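Reader: I have this model open and would like to go through it with you, beginning with the contacts around the rings. Could you take me through them?

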Amino acid sequence: MTQQIELSGVNKYYGAYHALKNIDLSIRKGAFVALVGPSGCGKSTLLRSLAGLEGISSGDLVIAGERMNDVPPRKRDLAMVFQSYALYPHMTVEQNLTYSLKIKGVKKAEAKKAAQEVAAITGLSDLLHRYPRELSGGQRQRVAMSRAIIRHPKAFLFDEPLSNLDAALRVHMRKEIRALHDRLGATSVYVTHDQVEAMTMADHVVVMRSGIIEQQGKPLDLYDRPANRFVAGFIGSPAMNFIPARSSTDGKSLLLDLAGPRSVALQHPMVPDRDVLVGLRPEHLALAAPDAPGFDIPVAAIESTGAMTYVTTATSPEIVVVLNGRSQLNSDRMIRLTFDQQNIHVFDASTEQRIDLTV
Ligand code: ADP
């Protein structure tokens, strides 16, 4: 059995509120899975349901081949990793690490040895006698991790563990957690509202909205082939641009509504006479030479970070273009834009589902 965690048809109600809607999710042993979505989409509820901190209303939850629906949290053999402030402030690092073993009745010497072993893995060997207040944010996060590792759980469940760290430390800790996961050969489920965190840490990303799974898959597959407008707009930063358009009666061209009608001949025909949204990622637009084909568009703002230049158009909807390096844009406030058809995404205007062009 390679599936470590399997949810099928899982529903969760809080009173009349339907928080998880028919969730199917398979997590293989050794995977790093991120649950991502905007606040309130149900990702914590899903994680807490795995842990047993919430009961599910219907469906099945199987962990390592065993049905767990009604098994209490401490018998599920899963370890939750919270933000680092969940440490016990009045206990040393060693006491924080051995606390769960002490409760289980593990002998003192054995627990001490286990703490030393885990501390060696997480780089805390010299800090075992310190109190949490005597540690940096990153070190505290490592204690939180170590406290989970010492229990040898079937899976690690992370609930936004990095959200109270500053930006630089967060980026560092992402790498550290992922490296630790790999070294331990662990199975991890990681909740975050930050799509960059999900994309950079996970092998498998689950995008949620309003209690449903909108799409799941490998990070770059979601980026390259978002199943609907929501996923397309949620994954990627700056976000994908969406331009209303209509396909022609022969399906061979699109009429974009971008500061006036603009026609694009399609290399691959699509459904005729359909209102659609054309999705273009900011890095897939480019500046065209003044005499080359393209759309002349007024510019609202040009911002440079040094490495990149961000151009925002004065159109409705506005379009954001990312250019590599510094731009030589002059001040006449008009640009000529072009894009590569290989990289356009098309969504049905009413269902917002992806429409594939190559048929
Ligand atoms: P997320 O982690 O994605 O921000 P949650 O899983 O915490 O979202 O919450 C999903 C939805 O369920 C939210 O609308 C939230 O208000 C609701 N909810 C969460 N916990 C409870 C609860 N104990 N009772 C009632 N509603 C809840």
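Author: Let me begin with a charge over a ring: Arg-229 lies over the face of Phe-242, at 4.5 Å from the ring centre. A charge counts as sitting over a ring if NZ of Lys or CZ of Arg is within 6 Å of the ring centre and within 35 degrees of the ring normal. This is a predicted model, in which local features need pLDDT of at least 70 and side-chain atom pairs count only at pLDDT 80 or more, while totals for chains, interfaces and linings use all residues. Residues are numbered from 1 along each chain as its sequence is written, and side-chain values use heavy atoms, with hydrogens and water left out.

Reader: Which residue lies over the face of Tyr-88?

Author: That is Arg-147, at 5.3 Å from the ring centre.

Reader: And how many aromatic pairs are there in the whole structure?

Author: A search finds eight aromatic pairs, where rings of Phe, Tyr and Trp (its six-membered ring) pair if their centres lie within 6.5 Å, and planes under 30 degrees apart count as stacked, over 60 as edge-to-face and the rest as tilted. One of them joins Phe-158 and Tyr-190, whose centres are 5.3 Å apart with the planes at 40 degrees, so this pair is tilted. Phe-158 belongs to strand S7 (residues 155-159) and Tyr-190 to strand S8 (residues 188-192), 32 residues apart; helices (H or I, at least four residues) and strands (E, at least two) are DSSP runs, numbered from the N terminus.

Reader: Are those two rings buried or exposed?

Author: Both Phe-158 and Tyr-190 are buried, where buried means under 20% relative accessible area, exposed over 50% and partly exposed in between (1.4 Å probe, protein chains only). Together with Phe-32 and Phe-156 they form one aromatic cluster.

Reader: Back to Phe-242: what is the angle between its ring plane and that of Phe-347?

Author: The planes of Phe-242 and Phe-347 stand at 65 degrees with the centres 6.0 Å apart, so the pair is edge-to-face. Because Phe-242 lies in strand S11 (residues 241-247) and Phe-347 in strand S20 (residues 345-348), the pair ties together parts that are 105 residues apart in sequence. Phe-242 and Phe-347 are both buried.

Reader: Changing topic, in what order do the strands of the five-stranded open sheet run?

Author: The order is S15-S19-S16-S17-S18, with antiparallel pairing; two strands pair if DSSP finds at least two bridges between them. S15 (285-287) and S18 (320-324) are at the edges with a single partner strand each, so one side of each has no neighbour in the sheet.

Reader: How does S19 sit in there, and which of its side chains are buried?

Author: S19 (residues 334-339) pairs with S15 over three bridges and with S16 (residues 295-304) over four, antiparallel in the latter case too. Leu-337 of S19 is the bridge partner of Leu-287, and Phe-295 also stands opposite Leu-337. The side chains of S19 alternate, with Ile-335, Leu-337 and Phe-339 buried on one face, whereas Met-334, Arg-336 and Thr-338 point to the other and are not buried.

Reader: What about helix H1, how many of its residues are buried?

Author: Seven of the nine residues of H1 (residues 43-51) are buried, so this helix is largely enclosed by the rest of the structure. Among them are Leu-46, Leu-47 and Leu-50. After H1 comes Gly-52, with a positive phi near 90 degrees.

Reader: And the chain as a whole?

Author: The protein chain has eight helices and 21 strands, and 48% of its 359 residues are buried.
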